[in-house]
Amino acid sequence: MKLLILFASPRPEGNTAQLLEKITKRFGDSAEVTRFDLYKMNLKSCIACLRCQKVTDGFNCVHDDDMQEIFDAALQSDLILFATPIYSFYCTPPMKMVLDRLVYGMCKYYGETMGPSLWADKSIALVSTFGYPEEKASDLLTEGLRRYAKHNKLNFLGAYGERQRSYKEPFMNEQVKERARAFAEKIMAFGETLN
């Protein structure tokens, strides 16, 4: 299985990174993993110019930035894991930029004629970290990605998140490790269906 991780935390060793470490460690050699640290990349916002809609078989974005690399990796992947802390009830800014750019670049729905979704049947999942209770923190992003998947003709495999209850206590503990491993098992079960 080819796994693409889009990591959207400004903290390279923060809570989201700790969850990803536990998840990807569980995979071992069973997945070919590509990871992009979005905060370290040159990414620009979509400007809705529709240049991407003038071709039906490629990205064709007006911006000359690092997004083409993400687009190519997404096309080659079986599963895309969106990993982000929750800021103001949604994903961080670079994740939002990537989501916007991918929906236009991948889905050729908005041009003069209706085109395909270039990444139809790929699978996506969400890993998030937050400070509020889950039903008041990651719920909006989880629902947003469900709708995003439906619109893009993707399979949404689910969401996994962990709450940092207090900065006075360590984030990672045995219960968090076990839940992260369980989520990794769920994703690995998907990978086994590809073989």
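**Close-up views of a predicted chain**

**View 1. The surface and charges of the whole chain.** About 10100 Å² of the chain is exposed, and 49% of that area comes from carbon and sulfur atoms. Please keep in mind that this is a predicted model. Turning to charge, the chain carries 26 positive and 25 negative charges, and the mean positions of the two sets lie 4 Å apart. Of the 195 residues, 49% are buried.

**View 2. The fold from end to end.** Five helices and five strands make up the elements of the chain. Followed from the N terminus, they come in the order β-α-β-α-β-α-β-α-β-α. Looking at contacts between residues at least 6 apart in sequence, 77% link residues that are at least 24 apart.

**View 3. The overall dimensions.** The C-alpha trace spans about 55 × 40 × 30 Å along its principal axes. How does the radius of gyration fit with a compact globule? For 195 residues such a globule would have a value near 16 Å, and the chain has 17 Å, so the two agree.

**View 4. Helix α3 and its length.** Helix α3 covers residues 93–106, which makes 14 residues. At 1.5 Å a residue it should span 20 Å, and its end C-alpha atoms are indeed 20 Å apart, so expectation and model agree.

**View 5. The surroundings of helix α3.** Why can α3 be called largely enclosed by the rest of the structure? The reason is that 10 of its 14 residues are buried, where buried means under 20% relative accessible area. Those buried residues are P94, M95, M97, V98, L99, R101, L102, V103, G105 and M106. As you look around the helix, you will find the elements that these residues pack against: the strands β1 (2–7) and β3 (79–85), together with the helices α2 (67–76) and α4 (139–152).

**View 6. V33 on strand β2.** V33 sits in strand β2, which runs over residues 32–37. Is this residue buried, exposed or partly exposed? Its relative accessibility is 39%, so V33 counts as partly exposed. Leaving aside residues up to four places away in sequence, V33 touches L3 and I5. For a sense of distance across the model, try locating T113 as well: V33 and T113 are 80 residues apart in sequence, and their C-alpha atoms are 35 Å apart in space.

Terms used. Residues are numbered from 1 along each chain as its sequence is written. This is a predicted model: local features need pLDDT of at least 70, side-chain atom pairs count only at pLDDT 80 or more; totals for chains, interfaces and linings use all residues. Side-chain values use heavy atoms; hydrogens and water are left out. Helices (H or I, at least four residues) and strands (E, at least two) are DSSP runs, numbered from the N terminus. The radius of gyration is taken over C-alpha atoms; the globule rule is 2.2 Å times the number of residues to the power 0.38. Buried means under 20% relative accessible area, exposed over 50%, partly exposed in between (1.4 Å probe, protein chains only). Contact means heavy atoms within 4.5 Å. Accessible areas come from the Shrake-Rupley method with a 1.4 Å probe; for residues, only the protein chains shown count as cover. Lys and Arg count as positive and Asp and Glu as negative; His and the chain ends are not counted. The place of a charge is taken as NZ of Lys, CZ of Arg, CG of Asp or CD of Glu. The expected span of a helix is 1.5 Å times one less than its number of residues.
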